[in-house]
Protein chains: 2
Amino acid sequence: MDYSSLWLNWQPINEPPAFMSGICARVHSASGKAALRELQEGFAAMTGRRPADTAAGACLCITETDAEDESYAFIREGETLRLEGGARGLVFGAFDLLRGLALGKREFDGASAPRYSVRMLDHWDNMDGSIERGYAGRSFFFEDDRILNGPRIRDYARLLASCGLNGCCINNVNVKAEAVRLLTPDHWPALAELAKTLAEYGIKLWLSVSFAAPMELGGLDTADPLDEAVCRWWEETTAALYKAVPNLGGFLVKADSEGRPGPFTYGRTQAEGANMLARALAKQGGKLLWRCFVYNCTQDWRDTKTDRARAQCDHFAPLDGQFDDNVLLQIKNGPVDFQVREPVSPLLGRLEHTNSIIEFQITQEYTGQQKHLCYLIPMFKDILDFRLCHRAENDSVAETVSAVCAVSNMGRDYNWTGHDLAGANLYGFGRLSWDPALSAEEIAREFIRLALGDDERIIAEVLPMLMRSREVYEQYTAPLGIGWMVNPGHHYGPNPDGYEYDRWGTYHRATNTAIGVERGPNGTGYTEQYRKPLSDMYADVASCPEELLLFFHRVNYDYVMRDGRTLIQRIYDDHFAGYEAAEEFAQSWDRLEGLLPEDLFSRVQERFAEQLRSAREWRDIINSWFYRRSGIPDIHGRELY
Amino acid sequence: MDYSSLWLNWQPINEPPAFMSGICARVHSASGKAALRELQEGFAAMTGRRPADTAAGACLCITETDAEDESYAFIREGETLRLEGGARGLVFGAFDLLRGLALGKREFDGASAPRYSVRMLDHWDNMDGSIERGYAGRSFFFEDDRILNGPRIRDYARLLASCGLNGCCINNVNVKAEAVRLLTPDHWPALAELAKTLAEYGIKLWLSVSFAAPMELGGLDTADPLDEAVCRWWEETTAALYKAVPNLGGFLVKADSEGRPGPFTYGRTQAEGANMLARALAKQGGKLLWRCFVYNCTQDWRDTKTDRARAQCDHFAPLDGQFDDNVLLQIKNGPVDFQVREPVSPLLGRLEHTNSIIEFQITQEYTGQQKHLCYLIPMFKDILDFRLCHRAENDSVAETVSAVCAVSNMGRDYNWTGHDLAGANLYGFGRLSWDPALSAEEIAREFIRLALGDDERIIAEVLPMLMRSREVYEQYTAPLGIGWMVNPGHHYGPNPDGYEYDRWGTYHRATNTAIGVERGPNGTGYTEQYRKPLSDMYADVASCPEELLLFFHRVNYDYVMRDGRTLIQRIYDDHFAGYEAAEEFAQSWDRLEGLLPEDLFSRVQERFAEQLRSAREWRDIINSWFYRRSGIPDIHGRELY
């Protein structure tokens, strides 16, 4: 096999419970049978022998019900364990059981259901096989403008289902070239085959589509959402597509965003644009995911009035309540673009009557591109737990959004995710999507034990580094929420002025005395987009969380932080500390030699070497840049260049 | 014809002299016949009728002698004008006569010979048809790994000869991919045909070769210049090549430079490497052009000891006298890399017993990429006139070097050079190569009259803008010799820190109070590479020419210049003034509407629009960057961002 099994690498377990000796199956659907097969093979791997086909006694009894949801239940009956659920529920239940067994759990009881009904991965794969912001090799969905299928897709579906996910949008939201033609019958037989492979494991297929498809494919001279011919084209195309390709979740659309076509071209609102598509999908039971990443990407850097952080709320908050029920507004976790530190998007707290899906990014575009270790789950947890204050209770992000998705970090690499430890982000996102109450540490521990080996020495090294890794990455890169400072285009490595005089609205406006954009009421007013008391907290530099200080405020380098250090000293200290921590990670990993498979050990060792090289550049360039600009030396006399 | 004739666009002249009515030709070689044909066609175009074939009376009498040099002579005999010269001399004489006639000259007398025997263009063309640093379309020499030929190549040869050039190296000094195989017989028939086309107009063909060719092509496991098999391989290959391809000038080699292979790999000196190749060439009458662009291109930006400007002198000055006679050390005009303002390379004054060829760059890599107007001839003149002080007299660069070359600005565009006015750089370089005593203004005037139209209104607009254009470009880009501040990679547009934290040795080291690398005796010592009194002049900030202040010295922003302005105020003023001048150029050009062919007028108008857009970015980004860094406002209160 030219790829790893990640966390589906079942190993022999100690003292297997009695029910593992046999399986009594009453399953009929393809998914039910897939669940059975997983259990048969998993039990065999864990116990060393294939479970008997049996009808009673000490066994696992699987019963497929007619339920259409994804829930399942374990019921103990003496030495028999019963697993009940609908076709899809059995798949998730089977993997839950196998995971539990592998992790030492011996008692199974009670029901489980996912927190969200849409839990998906967004792939930014192009049909030529390349992946936008992909750091794990080429696409396993596409090559040479064709759709791929086969064992790897099946194992992909197993991986998704086994961590709790139930959907994938396979093509880049920037729908270009051949991908536009996924809406033509030429590709539907292959899409149908792919959808079938995925459906066996309860995974729905979604497609990114171009808002201009009626012109690009339909020969129309407009894509105006209020044009009758446009509506008809979408309705007919969607109906034909659903007929040819069952198990479609719906469409994902990036409209009026970074050059993509959208309703603005025709003077229509985002709601008018979305609802037109949503109506076509509703007739097929489909949903529409409509991205809110709408902002001016041709800003003049001299313009200090426009604040990109405001854009999504400015565009979408006034439209609350105007979207059809099967529309989910897809909102990035922060207001800008997947930086290592951003506040939670205020738009999440402004939609009372609109469904939303939060978008995370597990492909590490701005967080080290799977060359640096950056376990993102603690960040995702912080975000999901964040209280938006738009209602008195149950106001966390997790309780507010209707669904979750993440931009995939997967590709055709042997280990699927480039960095072997980046698998933890995929696994963790899936686990949270099912149950956002899980802790980041719990998830990390599961991943390590399942994917690396159930050995306390491994856990002792890897768990702390995973848990610290995001903070460490943040320490040696752009400080305190200022973001960016990366090389334009590919976004890897430090470049403090990389986007400063460009059109993307991402400015730090640093002078010899101060840095940052003032986003309080006396600045761009961005803080006012939050509900009280958040807006007040962020507006006041004294109450603003310090890790976000430079996101919200323009601050002098000699500003005194709460611990008495100046801002610039804090920046210097963080960068020295971050690099040292990266060195510790690399040393920690080296101690695992011999405890891990040699190929895995050396793959990760190479990544740490690159992380160290790059972290040193980050440390020295960021520190030197601040030093040269401010003229303020490090109080500890460390070398600045 | 899908390309213009540039300055070979002969128009009817007033009062043609009597000798133009007939031509009496005694020519026998292909070049002699080419000269005759040029004169017949030129006379016909200028007088409206074809000159008679005649034997006496009022006519031009052309006599081909056995002379092998390039000189020619005009002799007046009543109404007969005699032109005498060897085969090549007649070509240059014919174009001299035609140019003179077109420019209103009516009396021709005396002999002419070129200042240098090697006067060439270096093309950085790749065999796939792309051109490194090319801004005028694709290569007309290569496509799809094949060598092209035909009418365009013939007209290319005419253009070169008509302005005084006599050689071209057709392939990129970075010899890669198929170009390595130009040394294999596969390409020799096509090379021979090409060489023949060129030879008709007195142009010699040169080839860039890879120092590692014995390994890449010869199957040897070394390219060590002291290895006998390596010497034999070069000797045999060169002999066979010369046999198959006559009219070869020799080889151009970029060795031990920016990743290219070279003698350093084997612990050999540059002289040992060059002489080995030179010996192989000497047997065939060929020359070796050996580039001196040797420096550390993987410098750590933190390292303040290494000074790239020193590298060429450090490497080559100690080797003076060790190179064979047929080696010409090819030295860029400045010590770094074709910036808009650099001092003259000190290496030029350090070679007493070594032949050298100075390398200019007329492809506008760092001078606006043929989108901005930048007439380079005034700069080349300054360089050629520069006194190196290595001897009491005749110590100018022009009197010191043995030959001249320039990196070509030509490509397959209709106008050959992207910007129609960039043709002046090609024409001017050719004219200077024959006679470095010509003035930049004289050359500009010739170009305008020949290529744009002999109309005082055109000259009145275009001549001043050509003459000011380099200073203007300098004003709105990187200030006072600091160089760089461009976007990495493509080198177009402003980026003050673009190369600051990179590996290329091009640092400004700007802080909140000062900018520049100190290159005096208390700094890197670079100034000591010049002869006295130059070294003293440059070493002292008080005597250093101000336009080079930031090349030689680290200076505080509040340093007071000779006119009483501070350094930073001078920078602000220059940038505002440069942009305004660019605006004036565009307005000036607009006044020519109707006086020029419509297509030419609008091509240049579009270039000026882009120049203005880009100059505004340069002005504002450079000024803002200095303002933010220094905190010092413009004393005139103009807007800084």
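**Exercise 1. A strand pair and its barrel**

Find the residue in β10(B) that stands opposite Leu121(B), then work outwards to the whole sheet.

*Solution.* Leu121(B) faces Cys168(B), a residue of β10(B). Please keep in mind as you work that this is a predicted model. Next, look at the strands around this couple: β7(B) and β10(B) run parallel and are joined over 3 bridges. In general, strands of a sheet pair through backbone hydrogen bonds, in either a parallel or an antiparallel way. Now follow the sheet all the way round. In chain B, 8 strands close into a barrel, in the order β7-β10-β11-β12-β13-β14-β15-β16, with parallel pairing. On average, neighbouring strands of this sheet are turned by 25° against each other, direction ignored.

**Exercise 2. Checking helix α3(B)**

Test whether the length of α3(B) agrees or disagrees with the expected span, and list what covers its buried residues.

*Solution.* Start with the length. Helix α3 of chain B covers residues 151–163, and its 13 residues should span 18 Å at 1.5 Å a residue; the end C-alpha atoms lie 19 Å apart, so the two values agree. Then turn to burial: among the buried residues of α3(B) are Tyr156(B), Leu159(B), Leu160(B) and Cys163(B). Their cover includes α2 (87–102), β7 (119–122), β10 (167–169), α4 (188–199) and α11 (423–434) of chain B. Last, step past the end of the helix, where Gly164(B) follows with a positive phi near 115°.

**Exercise 3. Helix α2(B) and the core**

Decide whether α2(B) is largely enclosed or not, and find how many residues α2(B) gives to the largest nonpolar core.

*Solution.* First, the span: α2(B) has 16 residues and reaches 23 Å from first to last C-alpha, close to the expected 22 Å. Second, the surroundings: because 14 of the 16 residues are buried, α2(B) is largely enclosed by the rest of the structure. After the helix comes Gly104(B), with a positive phi near 95°.

Third, the core. The largest nonpolar core holds 203 residues, and those with the most contacts inside it are Leu160(B), Phe251(B), Leu277(B), Leu288(B) and Val397(B). To this core α2(B) gives the most, namely 10 residues. A second, separate core has 202 residues, including Phe140(A), Leu252(A), Leu347(A) and Tyr473(A). For a closer view, pick Phe251(B): beyond four places in sequence, Phe251(B) touches Trp206(B), Leu207(B), Val209(B), Leu277(B), Leu281(B), Leu288(B) and Leu289(B).

**Exercise 4. Two residues compared with the burial cut-offs**

Classify Phe108(A) and Ala581(B) as buried, partly exposed or exposed.

*Solution.* The cut-off for buried is 20 or more other C-beta atoms within 10 Å. Phe108(A) has 20 such neighbours, so Phe108(A) counts as buried. Its place is the loop between α2 (87–102) and β6 (110–112) of chain A. Leaving aside neighbours within four places in sequence, the contacts of Phe108(A) are Phe74(A), Leu81(A), Leu97(A) and Gly100(A).

Ala581(B), in helix α16 (residues 567–590) of chain B, is partly exposed because 19 other C-beta atoms lie within 10 Å. With the same sequence neighbours left out, Ala581(B) is in contact with Arg468(B) and Val472(B).

**Exercise 5. Where the chains meet**

Count the residues of chain B in contact with chain A, then sort them by type.

*Solution.* The count comes first: 14 residues of chain B are in contact with 14 residues of chain A. Sorting the chain B side gives 4 nonpolar, 5 polar and 5 charged residues.

How values were computed
Residues numbered from 1 in each chain as written. Chains lettered and ligands numbered in written order. Predicted model: local features only at pLDDT ≥ 70, side-chain atom pairs only at ≥ 80, totals over all residues. Contact = placed C-beta atoms within 7 Å. Nonpolar A, V, L, I, M, F, W, Y, C, P; charged D, E, K, R; others polar. Helix = DSSP H or I, 4+ residues; strand = E, 2+ residues; numbered from the N terminus. Buried ≥ 20, exposed ≤ 12 C-beta atoms within 10 Å, placed from the backbone. Expected span 1.5 Å × (residues − 1). Core = buried A, V, L, I, M, F, W, Y, C linked by C-beta atoms within 7 Å. Pairing = 2+ DSSP bridges. Axes fitted to C-alpha atoms, helices over the stretch in contact; angles between N-to-C directions.
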